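Please find below a short note on the model under review. The points concern one residue and then the interface between the chains.

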There are 2 protein chains.
Amino acid sequence: EEVNKLLSLKSLLGLDTKPAKAKGESNKSKENKKQPGDEGPKKFVLKTPKGTRDFAPEQMAIREQVFNKIVACFKRHGAETIDTPVFELKETLTGKYGEDSKLIYDLADQGGELLSLRYDLTVPFARYLAMNKVTNIKRYHIAKVYRRDNPAMNRGRFREFYQCDFDIAGQYDAMLPDTECIKIVVEILSSLDIGDFVVKVNHRKLLDGIFAACGVPDHKFRPICSAVDKLDKTPWEDVRKEMVDEKGLDPNTADKIWEYVQQSGGMDLVERLLKNEILTCEKSAVEGLEDIRLLLSYCEAYGVTNRVSFDLSLARGLDYYTGVIYEAILTGTETAVAAAADEEGSVGVGSVAGGGRYDGLVGMFDSKGRKVPCVGISIGIERLFSIMEAKALASEEKVRTTETEVYVIAAQKGMVEERLKLCKALWDADIKTEQSYKKNTKMLTEFQYCEQNGIPLAIIIGQSEIEAGIVKMKIMASREEREVKRDNMIEEIKKALAPGNSEDTTASICSS
Amino acid sequence: EEVNKLLSLKSLLGLDTKPAKAKGESNKSKENKKQPGDEGPKKFVLKTPKGTRDFAPEQMAIREQVFNKIVACFKRHGAETIDTPVFELKETLTGKYGEDSKLIYDLADQGGELLSLRYDLTVPFARYLAMNKVTNIKRYHIAKVYRRDNPAMNRGRFREFYQCDFDIAGQYDAMLPDTECIKIVVEILSSLDIGDFVVKVNHRKLLDGIFAACGVPDHKFRPICSAVDKLDKTPWEDVRKEMVDEKGLDPNTADKIWEYVQQSGGMDLVERLLKNEILTCEKSAVEGLEDIRLLLSYCEAYGVTNRVSFDLSLARGLDYYTGVIYEAILTGTETAVAAAADEEGSVGVGSVAGGGRYDGLVGMFDSKGRKVPCVGISIGIERLFSIMEAKALASEEKVRTTETEVYVIAAQKGMVEERLKLCKALWDADIKTEQSYKKNTKMLTEFQYCEQNGIPLAIIIGQSEIEAGIVKMKIMASREEREVKRDNMIEEIKKALAPGNSEDTTASICSS
């Protein structure tokens, strides 16, 4: 049982490409290591599609905890939520993702419209705004997206995965929505207790200004920007080679860019760059720097300055960003355990959130090109799951997959209907209750079930209890057993489950 | 604004095939009535795929309420949850749905595996059990499924819709899991306050026994069963015609079946049928009746007898049922409002949950055919949404789409950073707080925003308040305004928001 639990958690971590084992599985860990496809003579392949996985109850319990914290933060900031279909008209996604478009899943043409699975939540959001003529909204959207990427499931890269987006759409004053996105990332990452992190910020206009000041021709801004984007995982020498050899940039220009993009800091760096006479000839650079200056001053008011780094090397992949861009990176030692899962490469190992301002996207869906300015962040929730799962594994604490509070047990045979009546009374009083689906049960087995599943209370009835109008209540943690009047039963159970009492109980039961 | 709200709710109801309007949309209700495709000269079609829809914040708020109640019930019964991918290998779905297989969405062949979108949650669940060798689990799964059906969106029929499944897998004693499914349906439908309902039950073995007793040849059991299934929406004359003319049944046999399937009742009917000498010659009929007898006695213990009707005409469409089958039907006058949305036809108008026992499905996925007995129910959540939305419309109560508790307002210009500091303090104390994204705001506009959005408290600061170390707190419902020391602010806000206080506040604000 415990071996399966460990295997299951190991697989959660992505240390194993097999799907998570769930309870009831036999103990043959070695044999189960076989890759899908090795399964020998069988009429059919029993697997999930490439790059996808099932989630077992243990994983769902952790996922729910993480979602709850994230949603709580979004709601704390007054966000609404929307939902969109899992597929869109193919043409809705066309021309939004550049060369990544080849990763879009298409549906078969079965007559009717040509459809594709959504690739992210941002393009459907922009389509929603344009279609419903919404000009301002603060919304979150948590849903799965689909990419026919080369899955690296042991590195937390899947073809089906959750995105967790928060966006503010509307014509507002500079940097007020932009800074709130940073505050939200800081609140979420802090609440998850995953160690130190930093939110890198930069500005697309500043990057454009730097490129102009260094002498990059206008039409090479995007390709050069996408080369800069690789600096977090590729040494400068290689990026320079790409710029010069592949993208035909003058080597001097490349070296000038390098002088800029090595820099990071805070307000001091903004002020220094604002005194740079070459850079300040570029209107775009000045606009970007002034935005960053305002953003950093708002960060100060929000008390998040220590979490923010103005980093000139941050470029972000997507074409549609037009202003501030962000990326949150884990830097703490607590992530060591997660990094282990990443042993094959450190590609974007610490990145757990990213986003930016995209003022042009909604206009692409409007027949008159009317723009709706937007800024948003996307939380890399699969990564956070992996880390939380790794922590759960490391702590060796048992993850409860149910919330059952009371287990109903009969002391004798032939009492199944009495048990049902008792369960009914408890359910109707909103007490989370289970019982065996066997007519006759053994007390010892029943108590073991309670212990294994962290159920804090057992209620036991026998013929004599029924005649006396009582039940026996056993507190599993202390093994204390006492008689309670049936009329007071609900009250007594609620008292025993009340915080102070039940939390100790749960804690002592759950550490196994 | 209110017109849009009504239009939006009307569309929620499915009275309109256009997607819901969201806030910010212009007031041109007439023009917006155009069908998609009529939109005149445009570079592209701005719509969601056929049979799908977006959910606006108002709809999501109602959806969340319904989900919360359903999940609370599942958790009260000790269920775990799992998740499976939105698509499966095509062959996993093959041969499970009979002639409905034509409704399965396939993915395009882009190299690699052939995939299909899931058609229900039951087959992926059975695949999960077999693949992970899980032999017992009580799980719920709430997720979207996909059917290329002829959408009747105005009757609540979509191509993408939620299913909300609860299943108990495992080798257990007769009727204990089966009856709990009924108890769960009763709890959920009662908690949603949607009027009267009845859970019809029947048994596949009893139906088979009846068919045998009436002289239906073995190979015609399934076709005749599927004809009986139509009795809830088709008159007997037509069903008889199908049996006799299309399916070649002897007219006498058909008439004998009619004598049976007209009957419904409770334990009295079970006892009566158990005395029927023709029927009790069929082993299968006796087994079915004995199961139903036990089920009804357990229903009595669960106190749900008044909600259960043993109905011989219930047959259920799916092939894979092997034992008890259920269907919950709304019968109350409260559903009149929902029935309005169904004006085009009363096809399955009241059906809001269905399910049954399927002991053979998991074995279809096991290379050795090992069986895992299962029983489960599926809540027809889209139908329930429609009804809850109709109720929201009828009550004319405003649906809050955020949970914002406090709105921060500056009394003067140039105080944006002071506002940010105040918001930070509130967020960090877990108070749901919003503010304007404008640097300078007008008090009146701000108060209107609070009223329109049902925000119960406003906190106002100006230079003099900051100097005095206070804030002004305005209770929006009573318009009472008082000064609070900044040091006590959090405490005072929490006091003002505490139940007794805030609920009155919210109620009086929300009724508009």
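Leaving aside its neighbours within four places in sequence, which residues is B:D106 in contact with?

1. The model is predicted. In it, B:D106 is in contact with A:L107, A:A108 and A:Q110 of chain A, and with B:K90, B:L115 and B:S116 of chain B, once neighbours within four places in sequence are left aside.

2. B:D106 lies in the loop of chain B between α4 (90-93) and β3 (115-117). The residue counts as buried because its relative accessibility is 16%, and buried means under 20%.

3. A turn of 180° with a shift of 0.0 Å along the axis lays chain B on chain A with an RMSD of 0.0 Å. That relation is the one given by a two-fold axis. The copies meet through the same surface, because 100% of the interface residues of chain B are also interface residues in chain A.

4. Each side is listed separately: chain B gives 107 residues to the contact and chain A gives 107 residues. About 9,500 Å² is buried between the two chains, with carbon and sulfur atoms giving 56% of this area. In chain B, the residues that lose the most area to chain A are B:R76, B:W427 and B:Y437, together 9% of what that side buries.

5. Between chain B and chain A, 55 residue pairs are in polar contact, both at pLDDT 80 or more. The rule finds 18 salt bridges across this interface. A salt bridge joins the side chains of A:D54 and B:R127 (2.6 Å, N to O).

6. Helix α15 (residues 416-428) of chain B supplies eight residues, the largest share of the side of chain B that touches chain A. By class, that side has 46 nonpolar, 21 polar and 40 charged residues.

Notes:
Residues are numbered from 1 along each chain as its sequence is written. Chains are lettered from A and ligands numbered from 1 in the order in which they are written. This is a predicted model: local features need pLDDT of at least 70, side-chain atom pairs count only at pLDDT 80 or more; totals for chains, interfaces and linings use all residues. Side-chain values use heavy atoms; hydrogens and water are left out. Helices (H or I, at least four residues) and strands (E, at least two) are DSSP runs, numbered from the N terminus. Buried means under 20% relative accessible area, exposed over 50%, partly exposed in between (1.4 Å probe, protein chains only). Contact means heavy atoms within 4.5 Å. Copies are superposed by least squares on the C-alpha atoms of residues with pLDDT of at least 70 in both. Buried area is the accessible area (1.4 Å probe) that two parts lose on being put together, summed over both. A salt bridge is a side-chain nitrogen of Lys or Arg within 4 Å of a carboxyl oxygen of Asp or Glu. A polar contact is a pair of N or O atoms within 3.5 Å; within protein, one must be able to donate a hydrogen and the other to accept it, and residues adjacent in sequence count only if both atoms are side-chain atoms. Ala, Val, Leu, Ile, Met, Phe, Trp, Tyr, Cys and Pro count as nonpolar, Asp, Glu, Lys and Arg as charged, and the others, Gly among them, as polar.
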